[in-house]
Amino acid sequence: MAAAAILSGLLTEILIPAAAVVGIAFALVQWLLVSKVKLSPEDSASSKDGVSDYLIEEEEGLNDHNVVVKCAEIQSAISEGATSFLFTEYQYVGIFMVAFAVLIFLFLGSVEGFSTKAQPCTYSKDKYCKPALANAGFSTISFLLGATTSLVSGFLGMKIATYANARTTLEARKGVGKAFITAFRSGAVMGFLLAANGLLVLYIAINLFKLYYGDDWEGLFESITGYGLGGSSMALFGRVGGGIYTKAADVGADLVGKVERNIPEDDPRNPAVIADNVGDNVGDIAGMGSDLFGSYAESSSAALVVASISSFGVNHDFTAMCYPLLISSMGIIVCLITTLFATDFFEIKAVEEIEPALKWQLIISTALMTVGIAIISWIALPSTFTIFSFGDQKQVKNWELFFCVAIGLWAGLVIGFVTEYYTSNAYSPVQDVADSCRTGAATNVIFGLALGYKSVIIPIFAIAISIFVSFSLAAMYGIAVAALGMLSTIATGLAIDAYGPISDNAGGIAEMAGMSHRIRERTDALDAAGNTTAAIGKGFAIGSAALVSLALFGAFVSRAAISTVDVLTPKVFIGLIVGAMLPYWFSAMTMKSVGSAALKMVEEVRRQFNTIPGLMDGSTRPDYATCVKISTDASIKEMIPPGALVLLTPLIVGTFFGVETLSGVLAGSLVSGVQIAISASNTGGAWDNAKKYIEAGASEHARSLGPKGSDPHKAAVIGDTIGDPLKDTSGPSLNILIKLMAVESLVFAPFFATHGGLLFKIF
């Protein structure tokens, strides 16, 4: 056996939780800094040097007490709306959680007929392992842990975002730099809490389970896969429910407000405006948080499962076994340093500096993380070891594993930047889409669809290359750690991602509180940068989902004892073709849900404009609550069918058609889901930014297309409205479909391998 790693087991046990605690502490510090911005009028005029500050404040109308009071009112309305929606959603999801936990226990317990005797191990038949019943119990516990952590992550993110939105608006009066720092810090709170919580809960679970499992690491890490399943199944409901909520409100507000009534976006006279701003928090923040947490939990689970049957697990090398967790720990520290670059080392003075600052976050974190991975690979891994690869053990060196993680990390950056190129209005693709609005909405739609399809090409090559390299070097374990590499800078990625909806909300609050045009321009600049970074975040989520689900697929194939997946056998091929259809079915459900919810919203907004006297001249307040209720009811009702489709497919296919067909379904849904997800997200993002490009009128070309209300602008608004469900509901939910089906198949693999394929057994 090669020499053991440099890092001792004891140090590993201290370092991982220490990194998580540092992450949580850093999040709290950032939160304290954000809370220094006061939402009560009397504190706002106190300044450092009295005179000069006071003059600036006079000029900007800083001492306008009404504005501060109004901002605080609007903020509490948004916060209440978001909280009440999430509580309603979590009640339904809670019922599902309990039901599914029972299902896991029954399915996995029945593998050995609920016996409590020790069984021969799956991979090393000469040893004895804990009974299947124990595996069922612990898988159920880890499922509940993952689900709870996922919900808490989403909820905390939403709370922080609704806490920071009005504070960002008020800071925008002092300049764009101050507003940027407030929004970015709040995003960082969410990013670090999520990364640290995910790591800490997983680490504690492993250590507690070890008390029972002792030396049976194979059973221990198999039961840990429930953690990923819990995380992703909650993310599915968060993403779909939140996505339907936010887009029903957004489409309703845009169609009636901007197109029919010619009032600006986020105008307080628009009845759907509060629902729209609530939607940004429940969809983009709570949904995105749960989603990335799910990816993180699954890639860790996949890596741990494969490692437990490799030399790490067989030799009980705890440090090397924790390699995936050590990468995540290093990621937290790296992201912490990176965040300081945006908030403390450099100050943003002009609007042009916002987008570069966010891009540098990605570049700095990736560069530092590469060094971090090299260090971890050198101190935590033996110089040579073996990795389980479909029945054989493959010899691997520690520097090869470094390359696997690093290629995942850099592929993530490539996907991020390609996404940015196709969705930012600084580059020609979006400007071409904007230009096509001259001839109406139809050409805009054609150009936008073409852009989305084209934007798939480079990300797919990036994913393909990283799969090829990491599989060649370290088999399925290589792919699992490549996915972890892509997600290792999750804290920074989420900070950038959450920054978008916070600035979007800040702009909405500025408009509703009747603040000056200059402040609205500043928040719009923050928001436009946020739109692009949100697209980058979605690109990361989709790319990592592809790698994660492939790693889970590999673990599933090993666990279900399939030696090869042969496409030419009819069992597998029918699975492939049906699997490739599932993302379309799923997208159809979510798009239709947004459409029907938006229809109700449009009717309600029209009704209010037509029947409430004094609404258009601003003398009466619209009835915001009804619109919030429409969105809430629609999303709760409509999130169930798509959720059921994703969760029941693997169970039905595995039970009735067996593991070969199920492997086909997983491969098919992965292959087609990634393409649709990337193109849908980028098409929607491009349409949105084409509209913003025309509205901002920053270049000669943009000014020739409109002011707001011109024909090209109206065409752009229609494109943006079509793109809304694509980029915020279907697109981002698809990556959960891909991962969730794979992780669910892995968790239920022991059952499918023993009792699956009923139909083929009968005939």
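The exercises below, each with a worked solution, concern backbone angles, helix packing and empty space in a predicted model.

Residues are numbered from 1 along each chain as its sequence is written, and side-chain values use heavy atoms, with hydrogens and water left out. Because the model is predicted, local features need pLDDT of at least 70 and side-chain atom pairs count only at pLDDT 80 or more, while totals for chains, interfaces and linings use all residues.

**Exercise 1.** Determine whether Ala475 is buried or exposed, and state where the residue is found.

*Solution.* Start from the backbone: phi of Ala475 is near 50 degrees, a positive value in a residue other than glycine. Next, locate Ala475 in helix α15 (residues 457–487), where helices are DSSP runs of H or I with at least four residues, numbered from the N terminus. Finally, take the relative accessible area, which is 1%, so Ala475 is buried (under 20%, against over 50% for exposed and partly exposed in between, with a 1.4 Å probe and protein chains only).

**Exercise 2.** Describe how helix α12 packs on α15.

*Solution.* The axes of α12 (residues 398–423) and α15 lie 8 Å apart at an angle of about 155 degrees, the axes being lines fitted to C-alpha atoms over the stretch in contact and the angles running from 0 to 180 degrees between N-to-C directions. That angle makes α12 roughly antiparallel to α15 (over 145 degrees). The residues of this contact divide into 22 nonpolar, six polar and one charged, where Ala, Val, Leu, Ile, Met, Phe, Trp, Tyr, Cys and Pro count as nonpolar, Asp, Glu, Lys and Arg as charged, and the others, Gly among them, as polar.

**Exercise 3.** Characterise the largest cavity and the second largest cavity by volume and lining.

*Solution.* A cavity is a set of points on a 1 Å grid over the protein atoms alone where a 1.4 Å probe fits but cannot get out, and lining residues have an atom within 4 Å of a point; a volume is the space filled by probe spheres set on the points, which are joined across faces, edges and corners. The largest cavity holds about 410 Å³, and of its 32 lining residues the closest to the centre are Asp284, Asp504, Asn531, Asp688 and Lys727. Its lining divides into four nonpolar, eight polar and 20 charged residues. The second largest cavity has a volume of about 110 Å³, and its lining comprises nine nonpolar, four polar and no charged residues. To that second lining, α15, α16 and α17 each supply at least two residues.

Conventions:
Angles under 35 degrees count as roughly parallel, over 145 as roughly antiparallel, 65 to 115 as roughly perpendicular and the rest as oblique. On a 1 Å grid over the protein atoms alone, a cavity is a set of points where a 1.4 Å probe fits but cannot get out, and a pocket is an open set with protein on both sides within 12 Å along at least five of seven lines; lining residues have an atom within 4 Å of a point.
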